[in-house]
Amino acid sequence: MPGFFNTVAWMEEYDSPNVRTYIAICRNLVLKVSVLGVLCFHWLGTTANNRVKLKLECWETFVGQELYRFLLMDFIFTILDTFFGEFLWKLFSQRVLKRKRKPVFDIARNVLELIYGQTLAWLGVLFSPLLPAMQIIKLFLLFYMKETSLMMNCQSPIKPWRASQMTTIFISLLCFPSFLGAAVAVTFTIWTIQPSELCGPFRTLNTMLEAGKKWVEKLQDTNLSWLSWIYSFLVENPLFLFVAGGVFLIVIYFHTQVVDGQRKIISLLQEQIQNEGEDKKFLITKLQAIHEQKRPISGRRSDMRGSQDSY
């Protein structure tokens with residue numbers, strides 16, 4: 001599907017290559033997020049509530065196993081795509097099509113693969129704590145494999161990608177909707193869904209959040225009672241959450257205004273540089289015109305002096 005979306009974006013003939021690339025990224029991102037959203041709804045809704053009918057003793061283990069399978073399949077398909085999509089395509093292009101050009105390294109698709117794998121790791125923090133370690137090993141192997149494939153089988157894209165632009169796109173897509181969606185799913189699980197009754201550290205509780213409350217109740221009888229006060233003030237008090245959210249929004253607003261101001265200053269400086277360049281061109285043309293006007297006058301004076309000397 002990602003390759004199909006890239007082909008469709010290429011066939012639509014957009015005026016700007018940036019627009020074509022961003023549309024392909026958005027389509028692939030919507031596809032991957034939709035798949036993960038449907039799976040999370042199935043796991044946290046149908047599987048967790050109907051675990052008796054499905055004969056699941058521990059639905060958390062089931063969800064963790066599914067996330068582990070998705071991470072493993074993503075690793076396998078990335079290897080296959082690197083081999084068939086880059087190495088074999090280079091051989092086919094050079095030996096059959098008789099072209100000297102190598103296939104272009106698709107930066108957008110590789111960025112989306114990183115975001116997809118990181119989303120799986122964030123979702124698996126609660127259900128499979130070792131999944132982030134597997135993600136680190138996977139990224140370590142893929143880095144050297146992609147580096148080797150890039151140097152041997154690919155060429156740099158015709159459209160250059162600026163590092164600042166690529167970093168902004170990566171962080172934006174990684175935070176929203178990747179991190180936000182994973183955080184919502186994990187928070188919903190902790191606050192509302194009942195844990196399994198036969199396995200896990202939360203099997204005797206109604207929700208996973210009650211573990212924190214019972215831990216705070218035990219702290220009240222010890223010398224660490226101030227931790228229970230901090231917990232009740234920071235976590236259970238909605239006023240603090242509203243204030244913290246308001247402060248966070250204000251910081252984002254001021255940061256946005258500062259960025260907009262810097263962009264306006266940059267645009268003004270660019271206009272000033274352009275105007276100064278035009279002024280310099282105007283002055284150079286005026287000096288050239290004055291110089292050309294003075295040349296015939298100086299030539300006439302030299303002719304007059306030569307005639308006087310002959311007399």
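Biologist: How many disulfides does a search of the whole structure find?

Modeller: This is a predicted model, and the pair in question is Cys58 and Cys199, whose sulfur atoms lie 2.3 Å apart. Since a pair of cysteine sulfur atoms counts when within 2.5 Å, this pair qualifies, and a search of the whole structure finds 1 disulfide.

Biologist: Which parts of the chain does the pair Cys58 and Cys199 link, and how many residues apart are the two?

Modeller: The link of Cys58 and Cys199 is right-handed, with 110 degrees about the S-S bond. Cys58 sits in the loop between helix 2 and helix 3, while Cys199 belongs to the loop between helix 6 and helix 7, so that distant parts of the chain are linked, 141 residues apart.

Biologist: Is Cys58 buried or exposed?

Modeller: The relative accessible area of Cys58 is 17%. Because buried means under 20%, Cys58 counts as buried.

Biologist: How many helices and strands does the protein have?

Modeller: Read from the N terminus on, the elements run α-α-α-α-α-α-α-α-α. The count for the protein is therefore 0 strands and 9 helices.

Biologist: Which helix gives the largest share of the largest nonpolar core?

Modeller: That core has 18 residues, and those with the most contacts inside it include Leu44, Trp59, Leu120 and Phe127. Two or more residues come from each of helix 2, helix 3, helix 4 and helix 6. The largest share, 6 residues, is given by helix 2.

Biologist: Leaving aside neighbours within four places in sequence, which residues is Leu120 in contact with?

Modeller: Leu120 is one of the residues with the most contacts inside the largest nonpolar core. Once neighbours within four places in sequence are left aside, its contacts are Leu36, Leu67, Phe70, Leu71 and Leu131.

Biologist: Why is helix 4 described as largely enclosed by the rest of the structure?

Modeller: Helix 4 covers residues 107-127, and its end C-alpha atoms are 31 Å apart, which agrees with the 30 Å that its 21 residues should span at 1.5 Å a residue. The helix is largely enclosed because, of its 21 residues, the number buried is 15.

Biologist: Are helix 3 and helix 5 roughly parallel or roughly antiparallel?

Modeller: Helix 3 and helix 5 pack with their axes 11 Å apart and at an angle of about 5 degrees. Among the residues making the contact are Leu67, Leu71 and Phe75 of helix 3, together with Leu131, Met134 and Leu141 of helix 5. Because angles under 35 degrees count as roughly parallel, the relation of helix 3 to helix 5 is roughly parallel.

Key: Residues are numbered from 1 along each chain as its sequence is written. This is a predicted model: local features need pLDDT of at least 70, side-chain atom pairs count only at pLDDT 80 or more; totals for chains, interfaces and linings use all residues. Side-chain values use heavy atoms; hydrogens and water are left out. A nonpolar core is a set of buried Ala, Val, Leu, Ile, Met, Phe, Trp, Tyr and Cys residues joined through side-chain atoms within 4.5 Å. Buried means under 20% relative accessible area, exposed over 50%, partly exposed in between (1.4 Å probe, protein chains only). Helices (H or I, at least four residues) and strands (E, at least two) are DSSP runs, numbered from the N terminus. Contact means heavy atoms within 4.5 Å. The expected span of a helix is 1.5 Å times one less than its number of residues. Axes are lines fitted to C-alpha atoms, for helices over the stretch in contact, and angles run from 0 to 180 degrees between N-to-C directions. Angles under 35 degrees count as roughly parallel, over 145 as roughly antiparallel, 65 to 115 as roughly perpendicular and the rest as oblique.
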